[in-house]
Amino acid sequence: MRLTNYTDYSLRVLIYLAAKDQEKLSNIKEIADVYGISKNHLMKVTYELGKMGLLNTTRGRNGGIRLALDPSDINIGAVVRKTEDDFNLVECFDPVTNSCVISPVCGLKHVLNKALQSYLQILDGYTLADLVKNQNRLQDLLGTS
């Protein structure tokens, strides 16, 4: 299983904000600098996370972003499902583009689908709070302490 950069960046933004003092606003530039990620990419990510109700965004000179929910209320499986384009691990997962001749009798797609469901089920068992239990160490590494 491989996540897109978009999902990776989304999770990194959420981890950054959860590791930080929840009362303080952050900005895209500081997150981009810490992770070495393009500001433009993060602008798209934070916009979408805001639309999902995961971030509060404040515009203007003293604006910024912060979590809209408690980290314990942000389920990792739900975030991954919302930020991934699709879960077509192989061609036959998409009936529109599938041209594999063995599809009707192939057992691989069933095995991979079962693996995907297990993968998502594991992610469903974790919240953002679980990912930042080592908050002090994260703050040191992210420079947010």
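These are my notebook entries on a hairpin, a pocket, a core and one cysteine in a predicted model.

**Ground rules.** I worked from a predicted model in which local features need pLDDT of at least 70 and side-chain atom pairs count only at pLDDT 80 or more, while totals for chains, interfaces and linings use all residues. Residues are numbered from 1 along each chain as its sequence is written, and side-chain values use heavy atoms, with hydrogens and water left out.

**Hairpin.** I looked up strand 1 and strand 2 (strands being DSSP runs of E of at least two residues, helices runs of H or I of at least four, numbered from the N terminus). I noted that these two strands pair in the antiparallel sense over four bridges, where pairing requires that DSSP finds at least two bridges. They form a hairpin with five residues between them, and G60 in the turn has a positive phi of about 105°. For T58 I found the bridge partner G64 in strand 2.

**Pocket.** I then turned to the largest pocket, with a volume of about 370 Å³. A pocket here is an open set of points on a 1 Å grid over the protein atoms alone, where a 1.4 Å probe fits, with protein on both sides within 12 Å along at least five of seven lines; lining residues have an atom within 4 Å of a point. The volume is the space filled by probe spheres set on the points, which are joined across faces, edges and corners. Of its 14 lining residues, I28, T57, T58, R59 and I65 are the closest to the centre. Helix 3 (39–51), strand 1 (55–58) and strand 2 (64–67) each give two or more residues to the lining, and helix 3 gives the most, with four.

**Core.** I listed the largest nonpolar core (buried Ala, Val, Leu, Ile, Met, Phe, Trp, Tyr and Cys residues joined through side-chain atoms within 4.5 Å). Of its 32 residues, V13, L14, L17, L42, L55 and L67 touch the most other members, and helix 1 gives the most to this core, with eight residues. Leaving aside neighbours within four places in sequence, L17 is in contact (heavy atoms within 4.5 Å) with residues including Q22, I31, L55 and L67.

**C106.** I located C106 in the loop between helix 4 (76–83) and helix 5 (108–124). C106 counts as buried because its relative accessibility is 18%, the cut-off being under 20% with a 1.4 Å probe and protein chains only.

Conventions: Buried < 20%, exposed > 50% of the residue type's maximum accessible area, 1.4 Å probe, protein only.
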